[in-house]
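Let's take a walk through a protein together, one piece at a time. Keep the 3D view open and turn it as you read.

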Amino acid sequence: MTSRNEQGSPPRAARQPSRGRQRGITLFGLVFWGILIGFTGYLLVRALPTVNEYLTIQSTVEKIAQSQPATVAAARQAFDKQKDLEYSISAISGKDLVVTKEDDRVVIAYSYEKEIPVMGPVYILLKYEGRSK
């Protein structure tokens, strides 16, 4: 049986949960994590279009390299034609491609940088490079 005091109510320890067992987040912690998650989300929203552009450039370069263009000018011209169709490619053009031949295969390489303005004078610099397989 449980012990009761003279009035018949349960002992004091049984009525109130102890402070050491409480869990939760403080208002300061909530604000801190909210700002951190919000800023990270903002950076991701700003950076994802550049990642999409990189993937589009990579697939375009792969497609052109698989077609084995006869000359460097033909490879650059094919890239510029594809760039006119893909409006998401704006970072490079055909003249920025490095076209070489390795083991009787055409290899197309590229590299470029993208600056993402965050706020005021703060920017994030992303460097992209790739080559056909």
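**A buried glutamate and what surrounds it**

Glu53 is buried, with a relative accessible area of 4%. Here, buried means under 20% relative accessible area, exposed means over 50%, and partly exposed is what lies in between, with a 1.4 Å probe and protein chains only. Before going on, a word about the model: it is predicted, so local features need pLDDT of at least 70 and side-chain atom pairs count only at pLDDT 80 or more, while totals for chains, interfaces and linings use all residues. Residues are numbered from 1 along each chain as its sequence is written, and side-chain values use heavy atoms, with hydrogens and water left out.

Where does Glu53 sit? Glu53 is part of helix α2. Helices (H or I, at least four residues) and strands (E, at least two) are DSSP runs, numbered from the N terminus. Not counting residues up to four places away in sequence, Glu53 touches Ser88, Ile89, Ser90, Ala91, Tyr112 and Lys114; touching, or contact, means heavy atoms within 4.5 Å. Take Ile89 as an example: Glu53 and Ile89 are 36 residues apart along the chain, and their C-alpha atoms are separated by 5.8 Å.

Helix α2 also holds Gln58. Gln58 is buried too, with a relative accessible area of 16%. If we leave aside neighbours within four places in sequence, Gln58 is in contact with Tyr110, Gly130 and Arg131.

Now step back to the whole chain. How many helices and strands does the protein chain have? The count comes to 3 helices and 3 strands, and from the N terminus on they run α-α-α-β-β-β. Of the 133 residues, 24% count as buried. Among the contacts with a separation of 6 or more, 48% are between residues 24 or more positions apart.

Next, find the strands. The 3 strands form an open sheet in the order β1-β2-β3, with antiparallel pairing; two strands pair if DSSP finds at least two bridges between them. The edge strands are β1 (98-102) and β3 (122-131), each pairing on one side only. On average, neighbouring strands of this sheet are turned by 20° against each other, direction ignored. Helix α2 (residues 27-66) packs on the sheet, where it touches β2 and β3, and its direction makes about 165° with that of β2. For such angles, axes are lines fitted to C-alpha atoms, for helices over the stretch in contact, and the values run from 0 to 180 degrees between N-to-C directions.

Look more closely at β1 and β2 (residues 105-119), which pair in the antiparallel sense over 5 bridges. Val99 has Ile108 in β2 as its bridge partner, and Glu102 stands opposite Arg105 in β2. The two strands form a hairpin with 2 residues between them, and Asp103 in the turn has a positive phi of about 55°.

Finally, turn to helix α3 (residues 72-85). With 14 residues, α3 reaches 20 Å from its first C-alpha to its last, close to the 20 Å expected at 1.5 Å a residue; the expected span is 1.5 Å times one less than the number of residues. Which residues of α3 are buried? They are Ala75, Phe79 and Gln82. These residues cover an arc of only 65° around the axis, so they lie on the same side of α3; the arc is that of the directions from the helix axis to the C-beta atoms. The buried residues of α3 pack against α2, β1 and β2. On the face turned away from that buried side, α3 carries the exposed residues Ala73, Gln77, Lys81 and Asp84.

Ala75 in α3 makes a good last stop. Ala75 is buried, with a relative accessible area of 0%. Leaving aside neighbours within four places in sequence, Ala75 is in contact with Ile64, Pro69, Val99 and Ile108. Val99 and Ile108 are the bridge partners from the hairpin strands, so try finding them beside Ala75 in your view.
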